[in-house]
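Please find below my notes on this model, set out as numbered points for a colleague who works at the bench. They are meant to be read with the structure open alongside.

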Amino acid sequence: MIKPASYGIIFILIDQISKWFILEQIDLDVIGSYDVYSPFLTLKMGWNTGINFGLFSESYFSMRWILVAISLGICLFLLLWSRKLKGNFAPILIGLIIGGAVGNVIDRVRFGAVIDFLNMSCCGINNPYIFNLADIFVFTGLVFLLVFLERLQK
């Protein structure tokens with residue numbers, strides 16, 4: 001059975017490759033935005049120094065290292081806790097969460113902020129928020145972990 005850390009490495013690589021592509025191939029940090037399939041998917045450059053939706057971004061320096069420490073602590077806890085989970089699905093979910101969290105930690109250490117670039121809107125609603133693949137990995141992993149937790153603990 002593949003371990004959560006192995007899946008985590010795969011998701012870290014996917015996240016970091018996507019961010020490399022955004023910065024080095026598209027130059028989104030220079031052009032600012034790029035319509036992929038407007039209005040549904042637009043790439044917009046953002047540097048998030050806080051947490052979700054830019055919360056706590058005003059205390060930039062201290063928050064940076066606090067968030068790095070919290071993220072790594074949660075990842076360590078999840079790795080240890082995942083030993084109690086059963087089934088082939090659990091390592092993937094834990095790997096998603098760890099991969100996404102560590103992907104954003106790498107950004108915070110390298111750049112001092114998380115690279116956000118995905119903006120999705122629909123049905124006349126203009127979504128002002130942007131996010132990245134790491135955010136999707138964490139969210140997806142957490143939602144499915146919560147939904148299937150009882151089955152994964154048997």
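**Notes on the predicted model**

1. D15 and K19 form a salt bridge, in which the closest N and O atoms are 2.9 Å apart. Please keep in mind throughout that this is a predicted model, and that the distances quoted in these points are therefore those of a prediction. D15 and K19 are four residues apart in helix α1, and so about one helical turn separates them. The general background is that an α-helix has 3.6 residues a turn, so residues three or four places apart point the same way. Both D15 and K19 are buried, which for this purpose means under 20% relative accessible area.

2. K19 has a further partner in D107, and for this salt bridge the closest N and O atoms are 2.5 Å apart. Because D107 belongs to helix α4 while K19 belongs to helix α1, this pair ties together parts that are 88 residues apart in sequence. Through the shared partner, D15, K19 and D107 are joined into one network of salt bridges. D107 is buried, as is K19. The count for the model comes to two salt bridges.

3. Helix α4 itself, which covers residues 89-111, deserves a check of its geometry. With 23 residues at 1.5 Å a residue, α4 should span 33 Å, and its end C-alpha atoms are indeed 33 Å apart, so the expected and modelled values agree. Of the 23 residues of α4, 17 are buried, and the helix is therefore largely enclosed by the rest of the structure. After α4 comes G112, which has a positive phi, near 85°.

4. Which residues lie closest to the centre of the second largest pocket? This pocket holds about 250 Å³ of space. It is lined by 13 residues, of which K3, P4, L79, S82 and R83 are the closest to its centre. Three helices, α1 (4-25), α3 (60-81) and α4, each supply at least two residues of the lining of this second largest pocket.

5. On the surface, V30, I31, Y34, V36, Y37 and F40 make a nonpolar patch of about 630 Å². Helix α2 (28-31) and strand β1 (33-37) each supply at least two residues of this patch, and β1 gives the most to it, with three residues. Y34, one of the residues of the patch, lies in strand β1. Y34 has a relative accessibility of 44% and so counts as partly exposed.

6. Where does the model place a cis peptide bond? The bond from S38 to P39 is cis, its omega being near 0°. P39 is found in the loop between β1 and β2, the latter strand covering residues 41-48.

7. Two residues other than glycine have a positive phi and may be worth a look in the viewer, namely D27 and C123. Phi of D27 is near 55°, and D27 lies in the loop between α1 and α2. With 35% relative accessibility, D27 counts as partly exposed. For C123 the value of phi is also near 55°, and C123 sits in the loop between β3 (114-120) and α5 (133-152). C123 counts as exposed because its relative accessibility is 69%, where the cut-off for exposed is over 50%.

8. Two C-alpha separations may help with orientation in the viewer. D27 and M45 are 18 residues apart along the chain, and their C-alpha atoms are separated by 9.4 Å. K44 and I2, for their part, are 42 residues apart in sequence and 35 Å apart in space, C-alpha to C-alpha. K44 is found in strand β2, and with a relative accessible area of 31% it is partly exposed.

Terms used:
Residues numbered from 1 in each chain as written. Predicted model: local features only at pLDDT ≥ 70, side-chain atom pairs only at ≥ 80, totals over all residues. Heavy atoms only, no water. Patch = residues over 30% accessible without salt bridge, like charges linked within 9 Å, V, L, I, M, F, W, Y side chains within 5 Å. Areas by Shrake-Rupley, 256 points an atom, 1.4 Å probe, with all protein chains shown as cover. Salt bridge = Lys/Arg side-chain N within 4 Å of Asp/Glu carboxyl O. Buried < 20%, exposed > 50% of the residue type's maximum accessible area, 1.4 Å probe, protein only. Expected span 1.5 Å × (residues − 1). 1 Å grid on protein atoms, 1.4 Å probe; cavity = no way out; pocket = protein on both sides within 12 Å on 5 of 7 lines; lining within 4 Å. Points joined across faces, edges and corners; volume = space filled by probe spheres on them.
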